[in-house]
Amino acid sequence: MVLLASLTPFAFRGAAWMRPVAYAFGIVMAGNGLLHLGGSAYSRKVMPGTYSAPLILAAAIYLLASVALS
């Protein structure tokens, strides 16, 4: 969290090297959300992280869309 917070000034300035970092982080977040939902569907029971997975997935989609459109 501290590392991500320390990157905030660079993101607001629009540093070019932040774009690949944002893509990588967005893909990892999307994968995390999908794996939590998929694991619950596979095991047919609510697993840890299932309730927060839609929020994580929505944030990842928003991040990837905002980076792609800018």
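**Group meeting: a four-helix model and Ser-40**

Let me start with one residue: Ser-40 has a relative accessibility of 10%, so Ser-40 counts as buried. Buried here means under 20% relative accessible area, exposed means over 50%, and partly exposed lies in between, with a 1.4 Å probe and protein chains only.

On provenance: this is a predicted model, where local features need pLDDT of at least 70, side-chain atom pairs count only at pLDDT 80 or more, and totals for chains, interfaces and linings use all residues. Residues are numbered from 1 along each chain as its sequence is written, and side-chain values use heavy atoms, with hydrogens and water left out.

Ser-40 sits in helix 3, residues 18-43. Leaving aside residues up to four places away in sequence, Ser-40 touches Lys-45, Val-46, Met-47 and Thr-50. A contact is heavy atoms within 4.5 Å.

Now the whole chain. The protein has 4 helices and 0 strands, in the order α-α-α-α from the N terminus. Helices (H or I, at least four residues) and strands (E, at least two) are DSSP runs, numbered from the N terminus. The radius of gyration is 14 Å, well over the 11 Å that the globule rule gives for 70 residues, so the protein is more spread out than a compact globule. That radius is taken over C-alpha atoms, and the rule is 2.2 Å times the number of residues to the power 0.38. Along the principal axes, the C-alpha atoms fill a box of roughly 45 × 25 × 15 Å.

Of the 70 residues, 19% count as buried. Among contacts between residues at least 6 apart in sequence, 48% join residues at least 24 apart.
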